[in-house]
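Here is a short tour of how helices, strands and domains are arranged in this model. Keep the structure open in your viewer and follow along.

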Amino acid sequence: MDPVRNPYVPGAGASPPELAGREDLFTQAGIVLQRALAGKSARSFIATGLRGVGKTVVLARVEQLAKSAGYLTCFVEAEEEKPLGVTLAPHLRRMMLELDRLGAVTEQVKRGLRVLKSFASGLRIQSVLGFSITLDVEPEHGTADTGDLTIDLPDMLSALGQAAQSRHTGVALFIDEIQNLSEADLSALIMAMHRVMREGLPIVMVGAGLPHLVSLIGQAKSYAERLFEFPVLGPLSPTECADALRTPAARENVDFTPEAVAEVVRITRGYPYFLQEWAYHAWNVAHGDHILKGDIDVATEVSLTSLDGGFFRMRYARLTPREREYCQAMAELGEGSHRSGEIAEHMGSRTQAVAPVRATLIRKGMVYSPAHGETAFTVPLFENYLHRIRTMGTDPADSDD
């Protein structure tokens with residue numbers, strides 16, 4: 001069929017044509033946004049799930065809801081080597097300036113600009129971000145200027161929230177890959193959201209991360225469970241998969257046969273990223289106005305070649321030889337999670353000896369612990385990839401050296 005008309009989008013973070021199975025979450029997000037604007041308590045949410053379940057897509061859709069409700073928004077991705085304050089600062093500056101342009105200057109907005117200048121000064125990044133040039137105000141000495149984010153970020157978000165409230169609007173912060181934050185930065189973020197919730201300010205934070213994020217947040221601040229909801233995003237049900245496949249096709253007067261749908265669900269296990277990958281390639285190889293099971297068989301070959309050369313290989317290439325050995329041992333034990341002792345035994349080693357390898361893999365976001373002492377991949381179908389490269393007898397990382 002015509003590839004130009006292909007409605008499917010297999011790119012990472014790309015919004016699919018049909019966002020099936022997340023309606024309840026979007027409804028709840030809409031309620032939270034409206035309550036915050038009304039000055040009522042609203043628990044933000046942090047979605048968790050494996051790679052490929054659509055966490056980034058969910059954040060993007062909720063950001064659209066926030067903008068439609070009149071919020072100022074910012075969308076950032078947490079990075080391991082970049083402090084949260086440096087990541088947020090330019091976005092805080094942009095939103096404060098937008099509040100400044102909304103009408104006659106209020107005292108809250110003027111103060112917010114002064115606090116922002118103090119915040120930048122405390123981070124010692126004003127020369128990099130240009131705050132000293134573009135913010136023609138005196139800093140609010142003694143507020144948000146210590147250089148300690150656990151002190152400064154609550155002051156900064158409080159000032160921002162008061163400025164937004166004076167403009168009868170709200171602020172929504174969207175932070176993806178939150179598990180990459182340091183414990184100190186995670187604590188600062190939680191404390192800041194605790195502050196604005198306590199003060200009844202119209203600031204909402206929506207985040208996303210890998211499954212072990214909930215544990216990290218609990219370690220950072222035990223009261224975080226009372227600040228946030230933690231919806232788990234998993235694979236779609238067979239009915240939801242069918243909707244995700246057939247609804248976009250129907251708009252182009254094309255349909256998937258029941259056998260084709262069943263085969264895609266079986267192979268992808270209902271993970272949204274893989275659904276888009278298989279549907280995209282199936283469309284391109286199909287003829288006529290029906291996508292058949294035979295088209296899915298061809299699409300499987302193309303999809304696996306694409307994923308093995310990019311999605312899976314990129315993650316595998318980041319691993320050390322010892323980490324690859326650990327992952328191969330997990331794959332050989334089969335699907336699902338495995339006890340740490342089982343993995344170590346399969347490697348011919350002791351649990352204590354391979355514990356540092358496991359810890360590094362968790363930090364890299366390759367594995368997580370679904371229960372005490374157990375380990376599972378964060379990347380769906382990764383064990384199948386490891387089986388394939390083992391069968392071929394080649395290490396794809398060799399070509400990267």
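## Helix α7 against α8

Helices α7 and α8 cross in a right-handed sense. In this predicted model, the axis of α7 and that of α8 (residues 183-198) come within 8 Å, with a crossing angle of roughly 35 degrees.

If you would like to select the contact, take L149, T150, L153, P154, D155, L157 and S158 on the α7 side, and A184, D185, A188, L189, M191, A192, M193, R195 and V196 on the α8 side. Sorted by class, this contact of α7 with α8 holds 11 nonpolar residues, two polar ones and three charged ones.

## Helix α7 against α3

Helix α7 (residues 149-166) also meets α3 (residues 84-101): their axes come within 11 Å and cross at roughly 20 degrees. Angles under 35 degrees count as roughly parallel, and α3 and α7 are therefore roughly parallel to each other. The handedness of the α3 and α7 crossing is left-handed.

From α3, the residues making this contact are L84, G85, L88, L92, M95, M96 and L99, while α7 supplies L149, L153, M156, L157, L160, A163 and A164. What classes do the residues of the contact of α3 with α7 divide into? There are 13 nonpolar residues and one polar residue, with no charged residue among them.

## The five-stranded sheet

Helix α3 leads us to a sheet, for α3 lies across β2 and β3 (171-176), and runs at about 170 degrees to β2. The sheet is open, has five strands in the order β2-β3-β4-β1-β5, and its pairing is parallel. Which strands are at the edges? They are β2 (72-77) and β5 (228-229), each of which pairs on one side only.

At the β5 end, strand β1 (residues 44-48) runs parallel to β5 and is joined to β5 by two bridges. One residue pair to pick out here is S44 with its bridge partner F228 in β5. As a reminder, strands of a sheet pair through backbone hydrogen bonds, either parallel or antiparallel.

## Three domains

How is the chain divided by the domain assignment? The assignment gives domain 1 (22-233), domain 2 (236-314) and domain 3 (319-392). The centres of domain 1 and domain 2, taken over C-alpha atoms, are separated by 37 Å. Where domain 1 touches domain 2, four residues of domain 1 are in contact with four residues of domain 2.

## Helix α10 against α12

Next comes another helix pair. The axes of α10 (residues 238-251) and α12 (residues 272-285) come within 11 Å, crossing at roughly 35 degrees, and the crossing of α10 and α12 is right-handed.

On α10, the contact involves C241, A244, L245 and A249, and on α12 it involves L275, A279 and W283. By class, the residues of the α10 contact with α12 are seven nonpolar, with no polar and no charged residues.

## The three-stranded sheet

The tour ends at an open sheet of three strands, ordered β8-β10-β9 and paired in the antiparallel sense. Its edge strands, β8 (338-339) and β9 (367-368), each pair on one side only.

Two bridges link β8 with strand β10 (residues 374-377), and this pairing is antiparallel. To find the register in your viewer, look for H338, which stands opposite T375 in β10.

Definitions and conventions. Residues are numbered from 1 along each chain as its sequence is written. This is a predicted model: local features need pLDDT of at least 70, side-chain atom pairs count only at pLDDT 80 or more; totals for chains, interfaces and linings use all residues. Side-chain values use heavy atoms; hydrogens and water are left out. Axes are lines fitted to C-alpha atoms, for helices over the stretch in contact, and angles run from 0 to 180 degrees between N-to-C directions. Helices (H or I, at least four residues) and strands (E, at least two) are DSSP runs, numbered from the N terminus. Angles under 35 degrees count as roughly parallel, over 145 as roughly antiparallel, 65 to 115 as roughly perpendicular and the rest as oblique. A crossing is left-handed if the near helix is turned anticlockwise from the far one by less than a right angle, and right-handed if clockwise. Contact means heavy atoms within 4.5 Å. Ala, Val, Leu, Ile, Met, Phe, Trp, Tyr, Cys and Pro count as nonpolar, Asp, Glu, Lys and Arg as charged, and the others, Gly among them, as polar. Two strands pair if DSSP finds at least two bridges between them. Domain bounds come from an automatic or database domain assignment.
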